[in-house]
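Please look over the model below before reading the notes. Comments are grouped by topic.

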There are 2 protein chains.
Amino acid sequence: MTLVPEVAPTRVERRKARTRAALVEAAQQIYAETGGSDVSIQQITERADVGFGSFYNHFASKTELFDVAVAEILEEHAAWLTELTAQEQDPAAVFATSMRLTGRLVRTRPLMAQVLMNSRFSLLGAGAGHAPHALADITRAAEAGRFTVDDPVLALACTAGCLLAAMSLGSLDGADLDAVVDGATGNVLRMFGVAEDEVRALTALPLPSEDVQAGRA
Amino acid sequence: MTLVPEVAPTRVERRKARTRAALVEAAQQIYAETGGSDVSIQQITERADVGFGSFYNHFASKTELFDVAVAEILEEHAAWLTELTAQEQDPAAVFATSMRLTGRLVRTRPLMAQVLMNSRFSLLGAGAGHAPHALADITRAAEAGRFTVDDPVLALACTAGCLLAAMSLGSLDGADLDAVVDGATGNVLRMFGVAEDEVRALTALPLPSEDVQAGRA
């Protein structure tokens, strides 16, 4: 067996990676702001502050860039939730904490929240982004006898619906985002047949500090 | 007291009403297709097949037209649900039947369904469109002891979330729209503390014929 030695990226490789990252970030910002990809490649490269010609070194089309941009931020979100709930043994607690943390993104990571809200239900059927992780949480909790769920895919859709509705409602002026998100989490737990005292306990579990949630610590 | 006699509209009045209706319908189609108002007034008047200049006889701005267009179709939907459930005494049955009929709009009234789906949660806080009717249904059922609901506004938001998620899931190729919508209705009833046998009964109530649902009879 030959070990391939790790080679430090060259300057050209580092520059290419920076250009790609700038394009992805610009696309994420545009998607968060407008919910669409209805801009020119010129506008994207200007926002990314890279040369127009460099676009096609990285992406075959605007559609490919936006698909990658949305998928990457949702994967990042999923990985972050997995990390923050890694110590939790109870699958019902993993589910409830993940939903409460996701709703709070409106305050802690507004760009990510806006991408989630704009992606709406487009990913439900695609098995992409955060959906498979959430589905696995629901299935694990059902298998452990913590949730009563007939149809896990529909359960996931209703969870996403309640979460996005809570994020919208919690974004309104004067709304108490945390209360709305925790209330919606409680509603979903009730939907899954969780008893009232358990609903109260699961929606009151301690969360990581705001700094940790916002990725500042 | 002077009685004002009903006067038949003049030809000019009838033509003005037709122009206004054509503009509203064009805006509804555009909103259903794109979810936005990102078109020129020129494009709207062309779609409506009316003169460009006539736009400002009816609406002060594009925003006003789109607000009116969305509000009118949602009011129409609310009036239709009220009519179809007028004979039902049980407020829980009114709620469940309204949700099942609304989800079926994907098949029976695609334009209305698409407007609902594109309006997302924008109307939740506004107290406009269909929201106050649905809120009244939930409140009546709670007062009658049929639903257990802490926060009716959040309950409405979660209902809207589950419904929109089901409409999206049920729109996918090969999906069984009716089963998905009835399943989501059952999930919301569970969320409201309705017992399992009641959930089954409420989601199996007879609905008006497809022709009546589609407004063909």
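The points below cover the fold of one chain, its surface and charges, and then the interface.

1. Status. This is a predicted model. Every value here is computed from it.

2. Secondary structure. Chain A has eleven helices. Strands number zero. Read from the N terminus, the order is α-α-α-α-α-α-α-α-α-α-α.

3. Dimensions and burial. Along the principal axes, the C-alpha atoms of chain A fill a box of roughly 60 × 55 × 35 Å. The chain has 217 residues, and 47% of them count as buried.

4. Contact range. Take the contacts in chain A with a separation of 6 or more. Of these, 68% join residues 24 or more positions apart.

5. Surface and charge. Chain A exposes an accessible surface of about 10800 Å². Carbon and sulfur atoms hold 52% of that area. The charge count is 18 positive and 28 negative. The mean positions of the two sets lie 6 Å apart.

6. Interface size. The size of an interface is often given as the accessible area lost when the parts come together. Between chain B and chain A, about 2000 Å² is buried. Carbon and sulfur atoms give 71% of this area. On the chain B side, B:Arg120, B:Leu154 and B:Met191 lose the most area to chain A. Together they make up 26% of what that side buries.

7. Interface contacts. How many residues of chain B are in contact with chain A? The count is 26, and they meet 26 residues of chain A. How many salt bridges does the rule find across this interface? It finds zero between chain B and chain A. The cut-off behind that result is 4 Å from a side-chain nitrogen of Lys or Arg to a carboxyl oxygen of Asp or Glu.

Terms used: Residues numbered from 1 in each chain as written. Chains lettered and ligands numbered in written order. Predicted model: local features only at pLDDT ≥ 70, side-chain atom pairs only at ≥ 80, totals over all residues. Heavy atoms only, no water. Helix = DSSP H or I, 4+ residues; strand = E, 2+ residues; numbered from the N terminus. Buried < 20%, exposed > 50% of the residue type's maximum accessible area, 1.4 Å probe, protein only. Contact = heavy atoms within 4.5 Å. Areas by Shrake-Rupley, 256 points an atom, 1.4 Å probe, with all protein chains shown as cover. Lys, Arg positive; Asp, Glu negative; His and termini not counted. Charge placed at Lys NZ, Arg CZ, Asp CG, Glu CD. Buried area = accessible area lost by both parts, 1.4 Å probe.
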